[in-house]
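Trainee: Can we go through some of the labels on this one? I'd like to see how each gets decided.

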Amino acid sequence: GLTVGVIFTAVPMYIAEISELHLRSSLGTLMQFFLVAGFLVEYAVGPYTTYLTLVIVSLAMPILCFGMFVWMPDSPHSLLARSGGEEKALKSLRWLRGNPEETVLLKELEDIKKSVNEAKDQKSGVSDLFNNRGNINALMISCAMVAWQQLCGIIVLLIYSQMIFIQTGVELSSSMSTIIVGSVMLGASALTPCLAKFTTMKTLLYISGIGMAITDVGVNTQTQILVCTCESVYS
């Protein structure tokens, strides 16, 4: 839990700080994409191997990430926030941008420096979330979105998906059914950034909300049918 909490905080910040402005939103979606890809790997490997093998497979990606990340530079933002870090920030930016023209590089560095200085001058705290109507609305919307995501039951469905498919008695094996679920999730994560270019995020959220509602109703209905069936059999 501690590790996941750090990752979900640090990774989006790092991606935002190292990416170019026009690629920032697209690169930001990659975290969700690979998160879903991880579910798919577990679904595909878990049913057909031992727990030890599954743990080894699961450890492979973090070890690979650690080995590769050693060569990654600090973000220019974090380097400029330290005293005397301008030269290192320029070197980092040059590496990240693939040695572009010096004038382009210096202009971007100057923009980053300006952003960092503005952030330093704007001293803010938790109380600032409640000092005006706009911040309060943003806080309420953010909390509602996170609550919507977590309380819809998606985590329970993903964890117990194989058991749910076993209880439904479908002809397709529960292992293959969960793999299909993971594949659909992966496809949706890949399509969302593309769809966002043709419609609004609000529309996508409506579609997602309706889909989750239909799924929850279906799962709960099936569960109630199974419970009633079991009660009638044992009574």
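Mentor: Sure, starting with a term: a salt bridge is a side-chain nitrogen of Lys or Arg within 4 Å of a carboxyl oxygen of Asp or Glu. Glu 86, Glu 110 and Lys 113 are linked in a network of such bridges. Keep in mind that this is a predicted model, where local features need pLDDT of at least 70, side-chain atom pairs count only at pLDDT 80 or more, and totals for chains, interfaces and linings use all residues. Residues are numbered from 1 along each chain as its sequence is written, and side-chain values use heavy atoms, with hydrogens and water left out.

Trainee: What makes Glu 86 and Lys 113 a salt bridge?

Mentor: Their N to O distance is 2.9 Å, and the cut-off is within 4 Å, so the pair counts.

Trainee: Why is Arg 97 called buried?

Mentor: Buried means under 20% relative accessible area, exposed over 50%, partly exposed in between (1.4 Å probe, protein chains only). Arg 97 has 17% relative accessibility, so it counts as buried.

Trainee: And why is its salt-bridge partner Glu 108 called partly exposed?

Mentor: Glu 108 has a relative accessible area of 21%, so it is partly exposed. The two side chains meet at 2.7 Å, N to O.

Trainee: How do you know whether Lys 107 is buried or exposed?

Mentor: Lys 107 is at 55% relative accessibility, so it counts as exposed. Lys 107 also forms a salt bridge with Asp 111, with the closest N and O atoms 3.5 Å apart. Asp 111, at 42%, therefore counts as partly exposed.
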